[in-house]
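I opened the model to look up a few residues and the way some helices pack. My entries follow in the order I made them.

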Amino acid sequence: QGGNLANAVAVWGRVLEEKMKVLGVHVECAGTLSNLATAYCDVREEESAIQMLEAAMTIVEDDLGRDNALYAKLLNNLGGVYLSLSRYEEALDATRTAVIIQEGVGGHADITAQQMRSTLTAIME
């Protein structure tokens, strides 16, 4: 399975490279960066995952601002990576901010906000 996981990193890296060639730095690349971050987490390269998520967040912020569901999702994912590294304060800050943004976008009853609040509760325990 390790070979397949490492292959996923290479595949997502190529997808990102091709998108960047065609689109340049574009919000469409943020999803690919997020997928690449997931692949890095799968091979236990969390620091690389953090870099990918931060790059994705910068692209989204520059194009759409921070008050949107995509930014909240990326921030929540970043919190998850921090949590996997036992960086609890950073995980808490990222996830708390993601919840606030998501609630602002979708309301308190929004299912994504509810899921994020569950993650936040788990971090605080």
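I looked up A122 first and found A122 in helix α6 (residues 111–124); helices here are DSSP runs of H or I with at least four residues, numbered from the N terminus. The model is predicted, so I took local features only at pLDDT of at least 70 and side-chain atom pairs only at pLDDT 80 or more, while totals for chains, interfaces and linings use all residues. Residues are numbered from 1 along each chain as its sequence is written, and side-chain values use heavy atoms, with hydrogens and water left out.

A122 has a relative accessible area of 46% and is therefore partly exposed. On this scale buried is under 20% relative accessible area, exposed is over 50%, and partly exposed lies in between, with a 1.4 Å probe and protein chains only. I also checked A122 against A56: they are 66 residues apart in sequence and 25 Å apart in space, C-alpha to C-alpha.

Next entry: V60. I found V60 in helix α3, buried at a relative accessible area of 0%. Which residues does V60 contact, leaving aside neighbours within four places in sequence? I noted V27, A30, G65, N68, L70, Y71 and L74, where contact means heavy atoms within 4.5 Å. From V60 to Q114 I read 22 Å, C-alpha to C-alpha, and 54 residues in sequence.

Then the helix pairs. Axes are lines fitted to C-alpha atoms, for helices over the stretch in contact, and angles run from 0 to 180 degrees between N-to-C directions. I called angles under 35 degrees roughly parallel, over 145 roughly antiparallel, 65 to 115 roughly perpendicular and the rest oblique.

α2 with α3 (residues 46–64): I read a crossing of roughly 170°, with the axes coming within 8 Å. That angle makes α2 roughly antiparallel to α3. α2 passes α3 in a left-handed crossing, meaning that the near helix is turned anticlockwise from the far one by less than a right angle (clockwise would be right-handed). The α2 side of the contact includes C29, A30 and C41, and the α3 side includes M52, I59 and V60. By class I noted 14 nonpolar, two polar and one charged residues in this contact. Ala, Val, Leu, Ile, Met, Phe, Trp, Tyr, Cys and Pro count as nonpolar, Asp, Glu, Lys and Arg as charged, and the others, Gly among them, as polar.

α3 with α4: the angle is about 165° and the axes are 10 Å apart, so I entered the pair as roughly antiparallel. Their crossing is left-handed. V60 of α3 is among the residues that meet α4, where L70, Y71 and L74 are among the partners. I noted 13 nonpolar, two polar and three charged residues for this contact.

α2 (residues 28–42) with α4 (residues 69–84): I read an angle of about 15° and axes 11 Å apart, so these two are roughly parallel. This crossing is left-handed. A30, S34 and C41 of α2 make the contact with L70, L74, N77 and V81 of α4. The classes are five nonpolar, two polar and no charged residues.

Last, the cysteines. Why is there no disulfide at C29? The closest cysteine sulfur, in C41, is 20 Å from that of C29, too far for a bond; a disulfide needs a pair of cysteine sulfur atoms within 2.5 Å. I recorded zero disulfides in the structure. C29 is buried at 0% relative accessibility, whereas C41 is partly exposed at 22%.
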